[in-house]
Each structure stands twice: as C-alpha cells, then as structure tokens.
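Dear colleague,

I am handing over the structure we spoke of, which you will find just below. My notes on what was found in it follow, and I would be glad if you read them with the model open beside you.

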Amino acid sequence: MNVYSVLFATNFWYNQTLNLDRVMNQLLSGLNDEQKKAVTISRDHHTLVLAGAGCGKTTVLTRRIAYLVGDGVSQEKILALTFTRKAAQEMLLRIKLLEQIDSGFALPVITTFHGFALKLLASESGGKSNFERIGFRNRPRLLDHENRLEILAQITDKRIRTALDVDLIRLDGLVSQYVVFPGRLVSLSPEQKMILQQVVDKYQYEKMKKSLWDFSDLLSGAVKLCEDDPGMVHKTAGVFESVLVDEFQDTNPLQIRFLNHFVDNNCALFAVGDDDQAIYGFRGADIGPTINFTSYFKGAEIVKLQTNYRSKPFILDMANRIFRNKSDVYRKVLVSGKYGKNDRGVKPRVCQFTDQDIMAAWIMLQAEKIYKKNRINIADMAVLFRLNQTCDWMADWIRKKFPQKTCPQFLTIHKSKGLEYPVVFLCDLEEGVFPNYRISSGKNNIGSVWDLIKEWYNSKKNPIECDWEEEKRLFYVGVTRAIEYLYLFSCKNKMVYGRRRRFDRSRFLRIV
C-alpha cells in the first residue's frame with residue numbers, strides 16, 4: 001500500500017468517525033443527564049429504567065433504539081415489545097425520523113407481546129406449523145367474547161357456577177385470570193381452585209377440538225412452544241441482540257416466562273416502566289418483576305428518570321408525598337424540568353360537597369371561570385373517577401343540566417393513564433370508594449360498596465380486603481395527569497350502585 005492509499009484510508013476513517021460523533025451528539029441533544037445515562041447505558045447487562053410520570057420514557061425508548069443502531073447493532077436484530085398496537089405504531093413512526101435509522105433496510109421489530117407471539121406461532125419449522133406443534137390441527141380461528149361465553153355455558157352448569165360464586169360473565173374473567181396469573185386468586189378456597197382448574201381444562205380442550213383460540217392462548221401457546229421445543233426457540237431468539245420492553249410494570253407472569261426465552265447473557269433486556277403507576281393488577285399484571293428486577297434478571301442495573309416535563313411544581317410536591325415512605329432504591333422524587341422557582345403554579349385544592357349534584361354544578365362553574373381567566377378550553381379539561389358507575393352518572397347529569405354548554409372529558413383514572421390535562425377534577429375520594437375495598441366474608445361474593453361498608457361498620461367482625469398499594473398507585477396516576485390545576489373532591493352523600501348513602505372523606509386527602 002503506497003503513502004497515498006494510507007492517507008486516503010486514514011482520512012476516510014477520520015471523516016467517518018467525525019460523522020458518527022456528530023450523529024450521536026445530535027441523538028443526545030435535548031436530553032437531561034438522567035435520560036442520557038439511560039440511552040447510552042452499556043448493553044452488557046440488563047437495565048430497568050424507572051421512569052417517573054411525565055419524565056420522557058418514550059423519548060428514551062426511541063433514542064435507545066437509535067443509539068443501539070449507532071453502536072453497531074443491526075436494525076433487524078432489535079426487538080421492542082409494547083402493550084398496544086397504538087404504542088407500537090407511535091414508536092415506529094418516531095424512530096423512522098431519527099437519522100440513525102435507515103428505512104432502506106429491515107427495521108427493528110416493534111410490536112405487542114401478543115403480536116410477537118402470533119408471529120412465532122404462525123411460522124413453520126421443519127414443514128410443520130408451530131400451531132400444530134402445540135396441539136391445534138391447523139391455524140385456529142379467533143374466538144370472540146360471545147363464543148367464549150357459549151363454550152363456558154356448555155361445559156358448566158348452575159351447580160359449578162354456584163360453587164365458584166360467579167355468574168357466566170364473571171366466570172369468563174375468572175378463567176382468564178387463572179390462565180395468566182393464578183397466584184392472584186387468593187380469595188378462592190382450595191376446593192374452588194380445584195373446580196376452576198377442571199373448568200379451565202375443559203375449556204382448553206373444547207377450543208383445541210374446534211380449532212379456536214383467544215388472545216390469552218397466544219401467550220400461553222407461545223410459552224408452551226418455547227418450553228417444548230427449546231432448540232427451535234433458541235434459533236429464533238438468536239436473531240435478536242437487544243430486547244426492549246415498554247410499560248414493564250404491566251407485565252404478567254406469562255409474559256415474563258415468554259420474555260425469559262429471548263433474553264440471556266448474549267441479549268440484554270432494556271425495560272422501561274414505573275412501579276408507581278402499576279394499576280392493572282385486576283387484569284393479572286404483576287409488579288413483582290419490577291420491584292425485584294435484579295433478582296429476576298441477574299446483573300441488572302436500575303436507572304431513574306425523575307425530571308418531569310408535565311406538571312407545575314405544586315402538583316409534583318403532592319405526587320412526591322404519596323410515596324414518601326418508599327425505600328430509596330425505588331423512590332423517585334419528581335422535579336420540574338419545565339417550570340422554574342417563580343412559576344410553581346396553584347396548590348391542589350380539596351373540596352367536600354354535600355352531594356354529587358352540588359359537586360357537578362360547581363365543576364361546570366369552575367371550568368368556566370378557568371376558561372375566562374386563562375383561556376384553557378373546557379373540552380381539554382378532565383373529570384376523573386375511580387368507578388365507572390360514578391363516571392357515567394356525572395356525565396349524564398351534566399349533559400342533561402347543561403345541554404348547550406361545552407363539557408370537560410369524563411373518564412376513569414384507569415383510562416386516563418398515559419394522558420395529561422391542563423385541569424383535572426379528581427372525584428370519588430370517599431373512604432370505601434377510593435380507596436376501593438370490600439369485606440372478606442369467607443366467600444368470593446362482592447356486593448355493592450355501600451353494603452360492604454355497612455357490614456363493616458355494623459359488625460366489626462370481618463376484615464377489609466383492599467389492595468392498598470395499588471389503590472395508592474391509582475391515586476398517584478390521577479394526581480400526575482394534571483398540568484396546571486388539580487382539584488380533589490369528596491361527597492358526604494352519594495349515589496353508588498343505585499343507593500344514596502353517607503361517606504367519610506378518603507384517607508388519601510390527608511396527603512394534601
């Protein structure tokens with residue numbers, strides 16, 4: 001090689017290095033130090049990013065994917081799993097805009113857990129479909145809700161449903177929970193669990209016989225495939241060098257078992273979630289892998305995102321008090337990255353009303369005042385509830401009383417997760433409603449909220465059953481939806497499940 005060739009090669013390498021540095025610097029521009037650490041953390045080990053509310057977790061996820069590509073990982077060897085198709089589509093659109101991503105090549109695989117499981121099951125190995133490998137005669141048809149109920153009605157009778165203390169609708173939910181996370185069914189007696197197991201076995205047999213499947217079968221079937229044919233799965237898993245998971249706190253045990261087949265010492269897991277926003281326990285989500293991440297994934301590192309770009313400081317102060325007694329390892333103290341010391345906003349306001357009618361009228365009056373003063377559109381404000389029933393009541397009442405006026409949005413806290421509003425009216429803050437609890441009477445029989453509260457106060461014999469920690473997390477989600485104004489409401493007298501009763505203020509209002 002002559003001197004000119006050496007100079008050319010050296011100059012080419014130098015320019016490529018400068019270009020890579022420029023692209024990487026551009027990728028990290030606008031990120032705070034916590035976000036930069038998360039995006040650039042080594043892929044030699046598993047990582048959990050604890051992303052506080054409004055702290056830019058989606059930005060970190062998309063930049064992390066681009067960073068991996070810039071760090072030498074082929075685009076098609078990156079797998080990102082989300083919980084909804086909407087989230088997957090949004091992530092894909094955002095990464096396509098980043099300079100590191102080349103749309104002319106195979107893009108990273110960005111899909112839902114169920115979508116990835118379906119892709120795996122629908123593929124073939126050795127001339128045989130994976131659906132056949134797990135017991136189906138051919139590719140099954142999707143089972144809708146009505147078909148599920150028909151099968152359950154065929155394989156159970158009134159005696160069985162009475163023993164489980166459920167109707168057909170609740171039996172459907174019980175079967176789904178048993179498949180995904182049987183450990184959560186602590187209220188069932190050993191005899192009831194045995195009966196439920198028999199129902200589940202019959203239900204699975206009928207689906208196999210008729211070549212039908214539902215969404216829970218996608219994951220359970222994929223797990224069965226992974227465990228029955230580890231060699232085939234090893235080839236599939238070997239395709240990926242990095243796996244990312246969004247909303248990790250919402251994973252269930254079945255998803256964790258599935259995930260474990262695709263992450264190991266050669267393929268690091270990059271999980272993003274917030275243990276403070278784990279509110280889907282009723283759907284089978286398990287917070288365990290999040291709060292015990294280093295036990296589930298050996299050698300893992302935990303990174304925190306605590307700079308909030310949503311809420312005014314006074315609202316963040318209240319949010320921080322909700323978990324002030326948590327251990328330092330997991331406690332996040334949110335600070336504003338958007339507002340300064342001279343713009344702390346308005347302190348959250350607590351109001352107690354005689355009844356719901358007065359509260360509803362006050363909300364409309366206050367919404368109009370805020371609009372006139374700050375020009376915040378009433379339609380952009382939100383009224384949040386713990387119960388679907390009280391949400392529906394309020395929406396109907398206001399629309400009847402104020403048919404010609406613009407209304408705020410009415411939705412439950414569960415449905416508000418991931419959203420934000422300049423003004424939030426947080427309702428249902430009565431003890432027994434929020435936190436929501438029931439009375440343990442030795443049977444899996446849940447009556448109305450008032451019936452249970454009445455039983456508790458009258459007899460003092462039965463202990464209260466309540467997932468206090470999840471209720472607290474639900475309260476945190478409600479509080480952190482607010483950007484500028486936050487109102488917290490309780491009613492002394494309230495219509496719940498068709499009966500008007502008297503309630504005490506929620507214990508959560510002591511935090512304010």
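Six strands form an open sheet in the order β3-β2-β8-β9-β1-β10, and their pairing is parallel. The edges are taken by β3 (109-112) and β10 (301-305), each of which has a single partner strand, so that one side of each is left without a neighbour in the sheet. From one strand to the next, the twist averages 15 degrees. Please keep in mind throughout that this is a predicted model.

Within that sheet, strand β1 (residues 47-51) and strand β9 (residues 268-273) run parallel and are joined by four bridges; if you wish to find the register, L48 has A271 in β9 as its bridge partner.

Helix α2 connects this sheet to the next part of the description, since α2 lies across β1, β9 and β10 and runs at about 145 degrees to β10. Helix α2 (residues 33-40) also packs with helix α3 (residues 57-70), at an angle of about 45 degrees and with the two axes 8 Å apart. The two helices, α2 and α3, are therefore oblique to each other, and the crossing in which α2 passes α3 is right-handed. On the α2 side the residues that meet α3 are Q35, A38, V39 and T40, and their counterparts in α3 are V60, R63, R64 and Y67. Sorted by class, this contact of α2 with α3 has four nonpolar, two polar and two charged residues.

A second helix pair may be worth setting beside that one. Helix α7 (residues 145-155) packs with helix α9 (residues 168-180) at an angle of about 95 degrees, and their axes are 10 Å apart, which makes α7 roughly perpendicular to α9. From α7 the contact takes in H145, R148, L149, L152 and A153, while α9 contributes L168, I169, L171, D172, V175 and S176. By class, the contact of α7 with α9 has seven nonpolar, two polar and two charged residues.

As for the protein as a whole, there are 21 helices and 21 strands, and buried residues make up 50% of its 512 residues. If one takes the contacts between residues at least 6 apart in sequence, 80% of them join residues at least 24 apart.

With best regards

Conventions:
Residues numbered from 1 in each chain as written. Predicted model: local features only at pLDDT ≥ 70, side-chain atom pairs only at ≥ 80, totals over all residues. Heavy atoms only, no water. Axes fitted to C-alpha atoms, helices over the stretch in contact; angles between N-to-C directions. Parallel < 35°, antiparallel > 145°, perpendicular 65-115°, else oblique. Left-handed = near helix turned anticlockwise from the far one by under 90°. Contact = heavy atoms within 4.5 Å. Nonpolar A, V, L, I, M, F, W, Y, C, P; charged D, E, K, R; others polar. Pairing = 2+ DSSP bridges. Buried < 20%, exposed > 50% of the residue type's maximum accessible area, 1.4 Å probe, protein only.
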